[in-house]
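Here is a short tour of charged pairs and their surroundings. Have the sequence and the 3D view open as you read.

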Amino acid sequence: MSNCIKARNGISKVSQLQRILYLKSKQEVNYKFYSLYDKVYRTDVLQEAWRQVKANKGAAGNDGVTIEQIITTGYEEEMIRELQQGLKDQSYKFSSIRQVAIPKPKGGTRLLGIATVKDRIVQTAMKIVIEPIFEADFHDCSYGYRPKRNAKQASLAIREDLYDRAATVVEIDFESYFDSIPHGNLLILIKQRISDGAMLRLIKQSLKVDIDKSGNQKRVKIGVPQGSPISPLYSNIYLNLIDQIWHKMQYPWKLHRFADDVVLVCQRDGYKALKKFQEITERLSLKLNQSKTKVTRLIEGFDFVGFNFIKRQSPTSGKNTIYIFPAKSSEQKIRNSIKYKTSWRAPIQPEEFVEQINTMVRGWSNYYLHTNASQAFRKLQRFINIRFRRYLHRRRKGHGYGWQHYPNSKLYTKGIIYIGSGMLEHIRKPVNDLR
């Protein structure tokens, strides 16, 4: 099954469509799009959506159908035709979503909604079509879940602002943000750009899906289900209003946002900045988590999207310097992931053990390559080596820790990753070309 039809210049027709929509939206800020729905069920758009859903993997929804089952049974092309026909005659209906609770890094749980594979394909196709339109309106201060923007860019921009005589930061935490987005207000923002009735009906239907929790179904009346392919876009559309208002008011405090994670960089008046931000959120029917929203002095340090920022005196120059470290919570998370994936008594071969560790660690290390992460890398390397050594030693039913049989040099010859080798590569996920 072809992933995407290519145009003569080698660029996929889907990318061409997105670029056309993006440029039109960028050039005419008040333009409303009247013909979008037919783009959603284009064969190449649905094929590209299916490719992305496959790449993201994920569990089965309420129907129990997995991605692997669709592939192994050869159902792919027939499924695309069925989705296309259902969308074309406007008979397609989203199924209820399966809700599961996952732990948050800082405690508590987050409810994740798992849609059926078919629904994820349709939602991804919707995102492919409408994302370029709103992407043209999004402010440069936001970085999360946007094409060609990432956490590294956010961390570097924040560090640059921190060097500009910053003394405090305001750490913003929304109270159940995804569950609090008002559908009516969100649709008003969407209608500023989209006037296609069929497209708007599909968007409404994607918002008002039923949630299935422990056998009981409940209609969503507010908020967007986390886990949906299109939910991050809805989130950015709504929070972009805060970005626009903040910069229109020309406040002296610098705003940086990654999805619903927000930090305000302040030279002074941190509490005043927090008050102004809270006034805006109240107008949008959003609440801040008062226990986690706080004003922090830069010398105390703060965390943002897995990075820890702190102002310290450089041991070499003696000057005040902004350092970026991996957050302690992120270090613990990668250790927990390694423990979960690689039990000492895991019934797997050493080659598979190595592959699992290397894949996880390479991604984590690449995320922090631009930071002051040497100490964190050394600690993680020691943890990996101990973990792998004990696994190998217990496989041969040895006693103790196995230092004599498996020194570090022998672990590396067996292929275990060496973070300090300089062999790490930053592998970017493919993104849609919108610019």
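## Arg193 and its partner

Arg193 counts as buried in this predicted model, because its relative accessibility is 3% and the limit for buried is under 20%. Its side chain meets that of Asp137 in a salt bridge, with N and O 2.8 Å apart. The two partners come from distant parts of the chain, 56 residues apart: Asp137 sits in the loop between α6 and α7 (151–162), while Arg193 sits in the loop between α8 (183–191) and α9. Asp137 has a relative accessibility of 24%, so Asp137 counts as partly exposed.

## Gln244 beside the Asp137 loop

Let's stay with Asp137 for a moment and look at Gln244. Which residues does Gln244 contact, leaving aside its neighbours within four places in sequence? They are Asp137, Phe138 and His139. Gln244 belongs to helix α10 (residues 231–248), and its relative accessible area of 31% makes it partly exposed.

The pairing with Phe138 shows how the fold brings separate stretches of sequence together: Gln244 and Phe138 are 106 residues apart in sequence, yet their C-alpha atoms are 8.3 Å apart in space.

## Two further salt bridges

In all, the structure holds 15 salt bridges. One of them joins the side chains of Glu76 and Lys54, at 3.2 Å from N to O. Glu76 lies in helix α5 (residues 76–88) and Lys54 in helix α3 (residues 43–56), so this pair ties together parts that are 22 residues apart in sequence. Glu76 is buried, with a relative accessible area of 14%, whereas Lys54 is partly exposed at 27%.

Glu131 and Lys127 offer a pairing within one helix: both lie in α6 (residues 117–135), four residues apart, or about one turn. Their closest N and O atoms are 3.4 Å apart, forming a salt bridge. Both Glu131 and Lys127 are buried.

## A shared network

Some bridges have partners in common. Lys328, Glu331 and Lys379 are joined into one network by salt bridges that share partners.

## A positive patch on the surface

Finally, turn to the surface, where Lys191, Arg201, Lys204 and Lys208 gather in a patch of positive charge. Where along the chain is Lys208 found? Lys208 is in the loop between α9 (197–207) and β4 (210–213). With a relative accessible area of 37%, Lys208 is partly exposed.

Terms used. Residues numbered from 1 in each chain as written. Predicted model: local features only at pLDDT ≥ 70, side-chain atom pairs only at ≥ 80, totals over all residues. Heavy atoms only, no water. Patch = residues over 30% accessible without salt bridge, like charges linked within 9 Å, V, L, I, M, F, W, Y side chains within 5 Å. Areas by Shrake-Rupley, 256 points an atom, 1.4 Å probe, with all protein chains shown as cover. Salt bridge = Lys/Arg side-chain N within 4 Å of Asp/Glu carboxyl O. Lys, Arg positive; Asp, Glu negative; His and termini not counted. Charge placed at Lys NZ, Arg CZ, Asp CG, Glu CD. Helix = DSSP H or I, 4+ residues; strand = E, 2+ residues; numbered from the N terminus. Buried < 20%, exposed > 50% of the residue type's maximum accessible area, 1.4 Å probe, protein only. Contact = heavy atoms within 4.5 Å.
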